Protein chains: 2
Amino acid sequence: MTKQQTVLVTGGAGYIGSHTIVELIENGYNCVIVDNLCNSSYESVARLEVLCKTHIPFYHVDLCDREPMERIFKENKIDSVIHFAGLKAVGESTEIPLKYYHNNILGTLVLLEMMQRYDVEKLVFSSSATVYGDATRFPDMIPIPEECPVGPTNPYGQTKLAIEKILADLYNSEKETWKFAILRYFNPIGAHPSGLIGEDPLGIPNNLLPYMAQVATGRREKLNVFGNDYDTRDGTPIRDYIHVVDLAKGHIAALKYLDARQTGKGICREWNLGSGKGSTVFEVYRAFCDAVGEEIPYVVTGRRAGDVINLTAKPDRAKQELKWQTELDVATACKDNWKWATENPFGYQLKGVKADFSTHEEQYDARFITIGADSKFQATVANLGATLVDLKVDGESVVLGHNCEAGYLTPDTCYAGATVGRYANRIAHGKFQLDGEKYQLTINNGVNCNHGGPGSFHAKRFLGPLVQNPSKGIFTAEFMLIDEDKETEFPGSLEVHVFYKLNVLTKSLEIEYTGKVSGKATPINMTNHTYFNLNKLLGKGTIEGTELQVATKKSVEVDKDTIPTGKIIERDIATFDEKPTVLGEKTPEYDYSFVTEEHSKDIDTRSKKLQLVTKATNPESKVTLEVLTTEPSFHVYTGDWLCAGFAPREGFAVEPGRYVDAINQPSWKDSVILKPNETYGSKIVYRFS
Amino acid sequence: MTKQQTVLVTGGAGYIGSHTIVELIENGYNCVIVDNLCNSSYESVARLEVLCKTHIPFYHVDLCDREPMERIFKENKIDSVIHFAGLKAVGESTEIPLKYYHNNILGTLVLLEMMQRYDVEKLVFSSSATVYGDATRFPDMIPIPEECPVGPTNPYGQTKLAIEKILADLYNSEKETWKFAILRYFNPIGAHPSGLIGEDPLGIPNNLLPYMAQVATGRREKLNVFGNDYDTRDGTPIRDYIHVVDLAKGHIAALKYLDARQTGKGICREWNLGSGKGSTVFEVYRAFCDAVGEEIPYVVTGRRAGDVINLTAKPDRAKQELKWQTELDVATACKDNWKWATENPFGYQLKGVKADFSTHEEQYDARFITIGADSKFQATVANLGATLVDLKVDGESVVLGHNCEAGYLTPDTCYAGATVGRYANRIAHGKFQLDGEKYQLTINNGVNCNHGGPGSFHAKRFLGPLVQNPSKGIFTAEFMLIDEDKETEFPGSLEVHVFYKLNVLTKSLEIEYTGKVSGKATPINMTNHTYFNLNKLLGKGTIEGTELQVATKKSVEVDKDTIPTGKIIERDIATFDEKPTVLGEKTPEYDYSFVTEEHSKDIDTRSKKLQLVTKATNPESKVTLEVLTTEPSFHVYTGDWLCAGFAPREGFAVEPGRYVDAINQPSWKDSVILKPNETYGSKIVYRFS
């Protein structure tokens, strides 16, 4: 592939779609997803972003809606389409056939119309072995070759066949133009080995593995085996199960096949995607029990209408022409499926997690995610700046934040709740020297560069978050960002992860930062810039009355330009063994860095002991905040210059991190220089009582 | 059929649809038409109204548009649907397949969705023998039975088959509910024997007979015979041609079959509609030449892609189950087609005819039709009141009229251009006696009933018009109205026709009235109430300066209540041999009836000689109007009480008719009493120079 192609993936949030996205990105394609989410979740896209380390444009659009569909083609230079979107439940299709025909056929027609209008010629279509119907009605058609006469036995299959006909007719109308690959799937199972994405059916699962998984995790009582009186080796019907990752790779093979075709040589051709090996229901049941490590209860019930005895693919055509064949067996699929099921027992539908969008138009890029929702301790985080937007203790907010992304995008910023980086706090005159090279950053704070300069991490949309609920009361949200070399004036391509871990039971929020740089070494110093106001419960607009204690009086001396002199001095502030400093209406004012460890050189402090650095209490609201960190320094700021919608002294910030301007201080320098192959790391904990 | 059922006919303005409407109405069904007119014309609906003597609600709606479709189901209590609407050109479908799939399938899905929502369970679907594809690929499948495996060879056929599958799947989802008759047409040809409706393809005809007709009428050079090297008796392919009237009757048979089914017993079944007899192209060509009476030029060209050798129906199933079979042969079809073609050489697309709608929403019931459009003499007529809305001489209007229907529907009326009836002019005290019965009409003019009373013909929407262009420069527009017994307080059910005949060459407009009553005898006296203003060319708002001459000074004497005394007196007005009376700003005022023949008893005057009764000239504009009539009297009115948007003396009217209040005058009575089995008739001519 000479240039990076963009593939529009319809239904890309779904089971097969999401797995195909992984393979597409791995193969160097850009992806744009369109999905109406009628049977899927945006969560899969957020996870794909973290898994694939790239932003994936997402459109919450129904293919039947011509206008927004046209917008997608206008806003993106699409090179090809993989078309998964469609209703797919066989049983349901027999009950509400009109909806199936309407959704699947009209959606495809609108898609093709847009492809025609915007000169997009390549399409890989997600068809199904269902188009064959009962292939056993013909002699010698098991395994099923593509030449087997079609004859679907249900509306779902009819819609797939009708779309195949539409593609054939459209190809015939312009044979030099269209390149269509029709992929007839056999039975996809399994999940991505990462355990991050998998099949997440809404309602009662129609398919064998999701159903067994729900039985195994206790959500369903027992598996129904529909008939054990078929003429097969164990009486249950035979299907050709194919690992979804193999299936996803089949799409890449088909797309590359289309990509490789000469201009002016169109094609419209069907390929079976199957393993060629049939397994009975009992055989898959056995493999799944082995993966789970226990016997899953089942009951044999009567045959299900429309089921046929054997659907096994003859996969020779795909092997010969697409150079593709399955590599993973049923046992692997069961193992991967079980990993997915156990790590995500409720799929993407986590209780205690809410997603909001900062505009009415469901702008998925600007998401607010609440973890621990409706509990006594909940945090809301935003993609923008991986920001801590809100933190509620017993239902009352204790931090400053905006209720929509736009609030954070004003020209002035006070970094409320933001992830600050690459380099938190000041760099004197915005200058530093590294590996013999001189760097000049944009000055945004007096004569200095503060918090990485304008447009830094706080103003970037992070990938993800990947939200999980690993155990009761614990929620995690992982954001990721790739800050390319020079993108924010710093050297080297930096990948950072911001990992929020909320513990509802201990009312503590841990924030972990990691970073890896490639190409060049970089200065790094990350922190979270939350402003706390423990008075908000009382409806008070200022921090007045808050009692403050810190771990140390030792502080970095700065000159008139707030540049460290290199000396450590003592400041007038209460330590833990002293009577707390009470914050008044205007005094005392703090905007100072304190130092708990003077000579740290660690680039990754995460393995260090978390140390309590600040304790703040409001005797009236009775809320106490403790800030703990693995970092050697912390900055206390009483918010005297608060702006961007907030009033001075409406909140105070405690920003753990490395030493101020360390990059320009020979004795501190090592603690902030991240070299390739090293890992930057730090931890902060906000704990409430 | 116990109650009159309402059938929604989709595509009812089209070829087969319009012929089916005739049969439906003949069989006692009400019809509602929905058509997007993309390949048909509203003219066919206007003609159907006159042909079927009934109003046919029409919706200019695309089936794909859910909202207006829902309105149709809301506004009408639909009992069943006959679904013709669809794109149908095989060749075009191979070029723009997406449009075919979109239009045909989505339209059907929306229709079915509405049927589901509004509990309409019966549908007759217009399918096609095209679904069989090449039936000769199987042994023993000619003639083709319904059991023949399907396999369309073009997108058009694919859409028909897809719809058949949709119907089958929908039926399977609710077997107790749905009653679907799928009719697979063979080759419809011919036209209604009236010559009023027929096949009117836009662009180059795809079908044999319309093409031959266009060759015969000189619109096309010669017929192309696509291949004479097929293995048939004369080398040309064999088709099963079926007269469109037979085909239409097949729909009635199918609908009655569905109607007769028990509640709770659904059905979805296919029936071939064909004759069972195949004809070659040359055989049909021969029959058509015989009908035309001359040899039509043709050329044999190569075979056409997708054509199959033989498509002949096995019609046994329809015969046995629907009790239907063809009755008309190919020769009859050719004869009827030729009548249609010669009487309508440009189908419904007449040059010199324009249709406008009085609102922006294309309210077809409120049509304004211009005949002689863009010529030196053009008339615009409206459905409402069969009104003469405008008459333009050399491009300038010479009559008073409104530019939209709403102008005519104000509470006051001056009858501008209207057809006046049942009884034009006054009936003393609104009373009359007929066949021993006494009638009292609503008083709307002093103590009298004038012009039939309120809500009479001038305020009724007439059926049609049926517009024709029988020879160069001649245009006709025929309106019809059925005024039921007592509907406007008069006795007997009266059917009237208003026949406008415009002669562009002689600048004359003839208006002919006919009436037939059933049940009871009725008084009748019809006229046209146009106000002329020969000054409009000069931009003058009044009739001032118009010079008037009439045939006689003899006039009906009236008392203070404008009731005739029975005496004939002479009035001061110039006759043709005198110096004209010049109409001034306010005088002379006329609102008098003149009498050219004192003792006429004729109920039908049409065979009488047209007599010049009034001549009006404007010396400045140099326009002269002559009013001629077969009627014994004429009323002259100088418009001194003009209202409804017009100013006093803005126009003058000359209203030929029977004697004023004749119904109450023993010596004149016979001339206005129309008895059952008699025909009322009269003629008026407006001639300009």
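Which residue is the bridge partner of A:Asn618 in β38(A)? The partner is A:Val623, in a predicted model where local features need pLDDT of at least 70, side-chain atom pairs count only at pLDDT 80 or more, and totals for chains, interfaces and linings use all residues. Residues are numbered from 1 along each chain as its sequence is written, chains are lettered from A and ligands numbered from 1 in the order in which they are written, and side-chain values use heavy atoms, with hydrogens and water left out.

The pair just named belongs to the strands β37 (residues 611-618) and β38 (residues 623-629) of chain A, which are joined in the antiparallel sense by seven bridges. Helices (H or I, at least four residues) and strands (E, at least two) are DSSP runs numbered from the N terminus, and two strands pair if DSSP finds at least two bridges between them. On this basis, β37 and β38 sit within an open, antiparallel sheet of nine strands in chain A, ordered β25-β26-β27-β28-β42-β38-β37-β32-β35. At its edges stand β25 (463-471) and β35 (581-582) of chain A; each has a single partner strand, so one side of each is left without a neighbour in the sheet. Helix α2 (residues 42-52) of chain A packs on this sheet and touches β25 and β26 (474-483) of chain A, contact meaning heavy atoms within 4.5 Å. The direction of α2 makes about 105 degrees with that of β25(A); axes are lines fitted to C-alpha atoms, for helices over the stretch in contact, and angles run from 0 to 180 degrees between N-to-C directions.

A second open sheet in chain A has three strands in the order β12-β9-β14, with mixed pairing. Its edge strands, β12 (279-280) and β14 (310-311) of chain A, each pair on one side only. Strand β9 (residues 238-239) of chain A runs parallel to β14(A), and two bridges join them. Here A:Ile238 stands opposite A:Asn310.

Turning to the interface, 20 residues of chain A are in contact with 21 residues of chain B. The two chains bury about 1,800 Å² between them, with 72% of it on carbon and sulfur atoms; buried area is the accessible area (1.4 Å probe) that two parts lose on being put together, summed over both. A:Leu98, A:Tyr101 and A:Asp169 supply 33% of the area that chain A buries against chain B, more than any other three residues. On the side of chain A that touches chain B, the elements giving two or more residues are α4 (90-95), α5 (97-117) and α6 (155-173) of chain A. The largest share, ten residues, comes from α5(A). The residues of this side divide into ten nonpolar, five polar and five charged, where Ala, Val, Leu, Ile, Met, Phe, Trp, Tyr, Cys and Pro count as nonpolar, Asp, Glu, Lys and Arg as charged, and the others, Gly among them, as polar.

One part of this interface is the packing of α6(A) and helix α5 (residues 97-117) of chain B, at an angle of about 145 degrees and with axes 8 Å apart. In this contact, A:Lys165, A:Ile166, A:Asp169, A:Leu170 and A:Ser173 meet B:Pro97, B:Leu98 and B:Tyr101. These residues divide into five nonpolar, one polar and two charged.

How many salt bridges does the rule find across the interface of chain A and chain B? The count is zero, a salt bridge being a side-chain nitrogen of Lys or Arg within 4 Å of a carboxyl oxygen of Asp or Glu. The whole structure, over all chains, has 84 salt bridges. One of them joins the side chains of A:Glu437 and A:Lys520 (3.5 Å, N to O). A:Glu437 lies in strand β23 (residues 437-440) of chain A and A:Lys520 in the loop between β28 (508-518) and β29 (522-523) of chain A, so the pair ties together parts 83 residues apart in sequence.

Backbone geometry completes the picture. Most residues other than glycine have a negative phi, and most peptide bonds are trans. The peptide bond from A:Gly421 to A:Arg422 is cis, with omega near -10 degrees, and A:Arg422 is in the loop between β20 (419-420) and β21 (426-427) of chain A.
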